[in-house]
Amino acid sequence: MRGAVKWMASNHVAANLLMIILVAGGLIRISSIKQEVFPEISLDTIQVTVTYPGAGPEEVEEGILLQIEENLTGVEGIKEIRSVAKEGVGTVRAELLPGEDPDLKLQEIKSEVDRIITFPVDAEKPVITKLLNRFEVISVVVYGDASDRALREQAEIIREELLAHPEITQVELSGVRPYEIAVEIPEENLRRYNVTMEQVAQQVRLASIDLPGGTVRTRGSEILLRTKGRRHFGPEYADITVLTRPDGTRVRLGDIAEVKDAFADTGMFARFDGKPAAMVKVFRVGDQKPIRISGVVKKYVEQKRGSLPDSLKIAPWNDTSELLHSRMNLLEKNAFLGLTLVIIILGLFLEIRLALWVMLGIPISFLGALLLFPYLDVSINMISLFAFILALGILVDDAIIVGENIYEQRQKGKPYLQAAIDGALEVAVPVTFSVLTTVAAFLPLVFVSGMMGKFIRVIPLVVISLMLLSLIESLFVLPAHLAMGGPRPVSRGLIGAIDRVRTGFGRKLDRFIAGPYQRFLSLCLRNRYTTVAAGIAVLLLTVGIVKGGILKFHFMPVVDGDVITVSLKMPPGTPVEETARVQKFLEEKAMEVVAEYDRQRPGGDSILRDVYAVVGGTMIEAGNVGSSVDSRTHLSDMALFLKQSEERGIPAVEIANRWRAKVGEVPGVESIVFTSNVVRMGANIDIQLAHEDFGVLDLASERIKEALAQYPGVGDIEDNYFKGKRELKFRLTPEARTLGVTEEDLGRQIRGAFYGAEALRFQRGRNEVKVIVRYPEEDRKSLWDLKSMRIRTPDGGELPLIRAAYIMEGRGFSEINRTDRKRVINVTASVDDKTANAEEILSDLKQGILSRLANDYPGLTFDMGGEEKERIESMGSMVQGFMLALLGMYALLAIPFKSYSQPLLIMAAIPRYGGRCCRASDNGVQAEHPQHIWYSCPLRGCC
C-alpha cells in the first residue's frame, strides 16, 4: 500500500482520473438508480385465499382452513402458519424460515393446495400469492353529489387515462363496490311458476354463453364456428326463456323478475370531505420514480378539473413522494451545512486551499457510492437517504487526518510533493484500520434477521460504501491534489485576513493545549487510579440510568407522518347506517380538533388538507400485495390528510392524541384505533393467547384488557375476538325428508333466496361481473320473509320452511384466528412513549397477570406478537452481530498495535462512551506538534 500511495501522490493524472470516474460515474448513474419511498422487500410470506360466498367463519374454518393447514404441515421451511376465517373468506399465511426461497415455496404450497379435492362445492378456486410490501405513490379522488355509478365510471375513465401515460403502469380502484347484475324474483312468482332460484340460475347460465364450435375446412379456407350468446348488460337478460308451458307459451325472465345492473349488495361507500367519492390509487413499478409519477398525476389532475361536470370534483390524495422529497431536501440542507462547517472549522486550522480539497471528499464519496448502488441492490429511498445523513458526520475524518498531517509536514519546510507523500504514508496505517473498525461495527447490521433487518440492511451497505470510498479518496486522491504548488507569500485582502484569523486561532489553541489541557492530562496520569475510578463511575451511572428507567428503550421510535387513520369496529351485524353515524361523529370531533389548532395559526391557514372515509369496509392494507378490502357493514376506516410536518409544525401524534381524548368512550363500539406513525412493525403491545377452549381464551383476554387499562399511557386496547352476528341454524325435519327433500335441497333453496344463486360471472372490460338470482331487497329484511318461504319438493310440491326445517337461534364468531393450527386471541394496545414504556409494561405483565392466568387456566399459553416479537427476533441477531463486531475490531486493533493486551485497553472505551467504537492509530507516530495529539491518540474517533 505504501508504494501505491507514493505513486498516486506523484501521478496527478491517475489521481484525477480516479476522482473523475467516481464523480462522473455517480452523475451518470443517478438518473437510472431506482427510487422509492420505502424499500420494497419480500415479506417471506405465502398467502392462500379461498372465497366461500355466504359462509360463516365456523364453516370457513372447517371447510377451508383446517384442510389447508393440514396439507401445509408437510412443507418444509415454514416458520409459522397464521389463519383467519371471516364471513365468506378464509386466509392462510405461511411465514417462511430465513433463507428459504419464496418462489420455490410458493410452488410447493400451490402443489399441496391443489391436491385438496374436498373443498365445499361453492368455494371458489384458491388464490396463492407471494406477499410483497408495496406503497402507493399518490391517489386521485373523484367526488361530488353524484350517484355511485357516475363516480365509478368517472374513476374508471381516470384509471384508463392514467394508464395511457407511458410513465404509469399500475393503477387500482379503491372505495368502490364491484359490479353485479341482480335478478330479483319474489316468492309469489316462484310459487306461481313452481321454480327455484337454482333452476332460474341454470337457465340464465345456459342462455348466456360464448362457445367455440371448431372449424369448417373448405377447399379455399378454414372458417371458425362460434355460438355467440353472452349477455353483458342487465336489460339483455330480460328475454331469457325460463320455462315453456305445455301450450307452447314461454315465460321470460323479465316476466317473473326484475333485473338490476348495479353493484354488489355490500353497503360499502366512501366519502371525501363529506361528499360521495371514488379513489384511484397509483403505484410505482420497476424503475419508475415516485417524485416523477407524483408530478405526472398532479399535472393530470390540474388538466382534468376543467373537463369534469360541475357536480364532480377531482383532487390528489396522500402523496407519499412528499416524504421522499422532504428527506432529499434534508440531505441537501445537511450536506450544504456540513460542507460549510468543514470549510469554516478547517479554515481555522489549515490553509483555505487545503480545507477545500478536504471538503470535496464528501461529494466525491457520495457520488462514488451512487455508482455502487445498482450492484448492491440499493435504491434511493427514505432509509438510504437517512444513511447518507448518518454518514455525513464521520465521512471526512480520514481526509482531515491526512490533510492535517500533510500540512504538518509542510510546516517542517518540506517540498509540497514530499510533504504529501510523507504525510499520507505516516498516517496510512492508522487511517486504514480506523475505517475498517467502523466497517466492522456496521457490517453485522447487514445480517440482522426479521422484518427490521430487511429494512435496515440498506443503512450499513450505504455507510460502508461511503467509508471505503472516503478512505480511497483520502489516501489516493487527496495527497496528489495537495502535492501541487508550493509556499506562497503572505496574501493581502480577504485571503490575507483569513490567514491572519487562522494564525491567531492556532496560537490560542496551542496555548490551550500546552496549558490547561496539558496540566489536566498530567493530573489524570499522576492519579491514574482516581481517573479509572471516575471512568467506572460514569459507566455505572450510565447503566443505572438505563436500568432505572430514566432512559427508556423504544424498539420502534415514532416516525411522524402526514396521515392520521382511525379504524372503527362496531358489533358484527350492525347496520351500515349506524356505522356511518358513529363515523360521522368521529369526523365531527376531528374537525373540532383541527379548528382548535387552526385558531392558533396566522392568516387562517389550516393544518388539514382533506378527509377521506370508507364506511361498511376498510381501506386496502398498505404495503401488502395480495391484501384486499374487508367489506362488512360494521367496519369503517377514516383518514385525515394533514399538511406536511414542516408547514404545520405540530406532530401528527399530538393531533391524534387530542382527537382520541375528544372522542372519549363511545357507547356500543367494539374498538376505535388511532394510528399516525409512518412505520409500524405491529402493535406496541400484542399478546397472543392459545387454548383448546375458546371460552377460556375469552375470559383470559378480558382479564388482560382490564390489567392493561390500569397502566397510564396505554390506549386502543382491543382483541380480535368479536361475537358474531345472530345466527339461525336449520336442520331438516323427518316430514321434509319423507317428501324427498335433502339437506342440500334445503340449504340451496335458502341460500339462493337470501344470499343468491350465482348464475355466472364474466369479464366486462376490466371488471368481473357476477349474475346473482335471489329475492328482492325488500323481501330480505325481516324474519317474516324467512318464515313465509316455501321449500320445493322433487315432485313439484312445496312445504313451508317452518315445517321443512327445525330452526335454532344462536350466535357465532365474527372471525376466527388461528396460529400453528390452534385457535388464538390477540390482545393489542398502543403505548404513548411520552408516558409509558411498552417493554416495561410487558415485563410487568409476564410477572403478574400472565403468570396468574397460566396457573388459573391449565393449558393456556401466551406468546408475544407485534413490535415485541420483532424486537426479540431482531435484537437476538443484533447481539450476535455485536459480539462478532467486537471480535473483528479487536483483531483489527491488534494488527497495527502488534499486541494482544493493548486492544483491550482501547476497547474499554466502548462501554464508557455509549457504544462509540474506537479507531486504531499507529502508536509509533509521535505528537511533535500540539495539534497532532488529537489524531495520534489511540482513543481518537468514533462511529
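Strands, as the term is used here, are DSSP runs of E with at least two residues, numbered from the N terminus. The exercises below concern a predicted model.

**Exercise 1. Determine where Ser671 lies and which residues it touches outside its own neighbourhood in sequence.**

Solution.
- Step 1. Ser671 belongs to strand S20, which covers residues 671-677.
- Step 2. The relative accessible area of Ser671 is 6%. Buried means under 20%, and Ser671 is therefore buried.
- Step 3. With neighbours within four places in sequence left aside, the contacts of Ser671 are Ser567, Leu568, Lys569, Glu718 and Phe722.
- Step 4. One of these contacts, Lys569, can be followed further. Ser671 and Lys569 are 102 residues apart along the chain, yet their C-alpha atoms are separated by 5.2 Å.

**Exercise 2. Describe the overall dimensions and composition of the protein chain, and state how far the model can be read.**

Solution.
- Step 1. The protein chain contains 33 helices and 31 strands. Its C-alpha atoms fill a box of roughly 125 × 80 × 65 Å along the principal axes.
- Step 2. The chain has 943 residues, of which 49% count as buried.
- Step 3. Among contacts with a separation of 6 or more, 77% join residues 24 or more positions apart.
- Step 4. The average pLDDT is 82, and 92% of the residues score at least 70.
- Step 5. Residues 622-627 have a pLDDT under 50, and the model gives them 19 contacts beyond four places in sequence. Residues 913-943 are also below 50, with 87 contacts beyond near neighbours in sequence.
- Step 6. Where pLDDT is low, predicted coordinates should not be read in detail.

**Exercise 3. Classify the packing of helices H11 and H12 from their angle, and identify the residues that meet.**

Solution.
- Step 1. H11 spans residues 352-359 and H12 spans residues 361-376. Their axes lie 4 Å apart at an angle of about 15 degrees.
- Step 2. Angles under 35 degrees count as roughly parallel. H11 and H12 are therefore roughly parallel to each other.
- Step 3. From H11, Trp357, Val358 and Met359 meet Gly361, Ile362 and Pro363 of H12.
- Step 4. By class, this contact comprises five nonpolar residues, one polar residue and no charged residues.

**Exercise 4. Establish the geometry of the aromatic pair Phe754 and Tyr775, and say whether each partner is buried or partly exposed.**

Solution.
- Step 1. The whole structure holds nine aromatic pairs. In the pair of Phe754 and Tyr775, the ring centres are 5.3 Å apart and the planes stand at 70 degrees.
- Step 2. Planes over 60 degrees apart count as edge-to-face, and this is the arrangement of Phe754 and Tyr775.
- Step 3. Phe754 sits in helix H25 (residues 743-756), whereas Tyr775 sits in the loop between strand S25 (767-774) and helix H26 (783-787). The pair, 21 residues apart, links distant parts of the chain.
- Step 4. Phe754 has 22% relative accessibility and counts as partly exposed, while Tyr775, at 2%, is buried.
- Step 5. Phe754 also takes part in a contact with Asp785, which touches Glu778, Asp779 and Arg780 as well, residues up to four places away in sequence not being counted. Asp785 lies in helix H26 and, at 14% relative accessibility, counts as buried.
- Step 6. Val773 lies in strand S25 and is buried at 0% relative accessibility. Its contacts beyond four places in sequence include Val183, Ile185, Met197, Gly752 and Gly756.

**Exercise 5. Locate Arg821 and Lys898, two residues with positive phi that are not glycines, and compare their accessibility classes.**

Solution.
- Step 1. The phi of Arg821 is about 70 degrees, and that of Lys898 is about 55 degrees.
- Step 2. Arg821 lies in the loop between strand S29 (815-819) and strand S30 (822-831). Lys898 lies in the loop between helix H30 (866-897) and helix H31 (902-907).
- Step 3. Arg821 counts as partly exposed at 42% relative accessibility, whereas Lys898 counts as exposed at 76%.

Methods:
Residues numbered from 1 in each chain as written. Predicted model: local features only at pLDDT ≥ 70, side-chain atom pairs only at ≥ 80, totals over all residues. Heavy atoms only, no water. Axes fitted to C-alpha atoms, helices over the stretch in contact; angles between N-to-C directions. Parallel < 35°, antiparallel > 145°, perpendicular 65-115°, else oblique. Contact = heavy atoms within 4.5 Å. Nonpolar A, V, L, I, M, F, W, Y, C, P; charged D, E, K, R; others polar. pLDDT = per-residue confidence, 0-100. Phe/Tyr/Trp six-rings, centres within 6.5 Å; stacked < 30°, edge-to-face > 60°. Buried < 20%, exposed > 50% of the residue type's maximum accessible area, 1.4 Å probe, protein only.
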